Amino acid sequence: PSPDQQPVNAPGLTCRLVCVLPSLLSSDCLTANIVKSHRETCQYRVEELQALRWKVFSREEVLAYQSKSVEEMWQRCAYRLTDSIQYVVEFAKRIDGFLELSQNDQIVLLKGGSLEVVLVRMCRSFNPDNGTVFFEGKYGGTEVFKSLGCNDLIASIFEFSQSLCALHLSEQEVALFTAVVLLNPERAWLQDKEKVARLHSHVDVAFKNTLQRSHRDTVLSKLSQKTLQLKSLCSLHIDRLRSFLELRPLLAHSLFPPLYHELFTDSPDAPLE
Ligand SMILES: N#Cc1cc2c(cc1C(F)(C(F)(F)F)C(F)(F)F)CC[C@H]1N(C(=O)[C@H]3CC[C@H](C(=O)O)CC3)CC[C@@]21S(=O)(=O)c1ccc(F)cc1
């Protein structure tokens, strides 16, 4: 309301509105930016993934996967993961404020959070009705990944997807949750932690506003548990990957894409583009 129109008897209300309004506007703009960035940078649309749920691997196809070598199966997954992570890098770059962070902090956030974002995005390609995930064109259960030799990690990943699906997150909620996961100011080695914390809190407020408007506040507390599970999943991944690589020190460099090395091993080579 312009000054001459404002009701004389409610200066406090008008002032509060004027004070709150810009942050609501900016939080809605940030929400719109994050949801748009998410839609533009997922590999598959959720409608496509749901339409393909009937395409399940046959017994023969599962056996074929199980007869592959450990190396070949890790290589296939590593390439798919590297591919997905490149989409996550693009998602991050489109979030308002991310490119204003220092190059170092952009890389620190992506090294620490890209796998977590991929694991959240995975719930979109997971079918909770039969516990299968979309992989190389069809849906398969944990048995498809048997030759990886890390059944506990695979089982935990499937359980995580199953529990995330139980929250029935909308695309908007997945978008905002992955942005919150990515912009984590607690990542080690951040140069300007305060700047990341400000960006994180803007996204957090936008997420909370969105959830409150759709009466989904209960989801927030459940999602904070999910971030703890993500952390343990990722350390389990590094743990299994390290033991896999220790057995094959020479093979590793030829087996995995450079970006995979840059993100998941302490090797100094292959700068993150
Ligand atoms: N190398 C790998 C690797 C690769 C992947 C995951 C885990 C690992 C590990 F490492 C782990 F967990 F340790 F990191 C594992 F399990 F292999 F060890 C989970 C996310 C998966 N993923 C997806 O689900 C994408 C997410 C984005 C989505 C989109 O954008 O639309 C498309 C589908 C990308 C790679 C992929 S995968 O498809 O190879 C896959 C592998 C194992 C599994 F049990 C289920 C799936």
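In the predicted model, β2 and β3 are paired in the antiparallel sense, over three bridges. Within this pairing, valine 133 lies opposite glycine 140 of β3. The two strands belong to an open sheet of three strands, ordered β1-β2-β3, with antiparallel pairing. The edges are taken by β1 (126-127) and β3 (138-140); each has a single partner strand, so one side of each is left without a neighbour in the sheet. Strands of a sheet pair through backbone hydrogen bonds, in either a parallel or an antiparallel sense.

One of these strands also contributes to the surroundings of the ligand. At least two residues of the ligand shell come from β2 (132-135), and the same holds for α4 (70-93), α5 (103-121) and α6 (151-165). The most is given by α4, which supplies six residues to the shell. There are 26 residues around the ligand, of which Gln43, Tyr44, Arg80, Ile157 and His237 come nearest. Classified by residue type, the shell consists of 19 nonpolar, four polar and three charged residues.

Polar contacts to the ligand involve both backbone and side-chain atoms of the protein. On the backbone side, a polar atom of glutamine 43 is 3.0 Å from an oxygen atom of the ligand. For tyrosine 44, a polar backbone atom is likewise found at 3.1 Å from a ligand oxygen atom. A side-chain contact is made by tyrosine 260, where an N or O atom is 3.4 Å from a nitrogen atom of the ligand. Taken alone, the ligand exposes 750 Å², and 99% of that area is buried by the protein. The space that the ligand takes is the second largest pocket.

How values were computed: Residues numbered from 1 in each chain as written. Predicted model: local features only at pLDDT ≥ 70, side-chain atom pairs only at ≥ 80, totals over all residues. Heavy atoms only, no water. Near = heavy atom within 4 Å. Polar contact = N/O pair within 3.5 Å; in protein donor to acceptor, adjacent residues only side chain to side chain. Areas by Shrake-Rupley, 256 points an atom, 1.4 Å probe, with all protein chains shown as cover. 1 Å grid on protein atoms, 1.4 Å probe; cavity = no way out; pocket = protein on both sides within 12 Å on 5 of 7 lines; lining within 4 Å. Sits in = over half its atoms within 2 Å of the grid points. Helix = DSSP H or I, 4+ residues; strand = E, 2+ residues; numbered from the N terminus. Nonpolar A, V, L, I, M, F, W, Y, C, P; charged D, E, K, R; others polar. Pairing = 2+ DSSP bridges.
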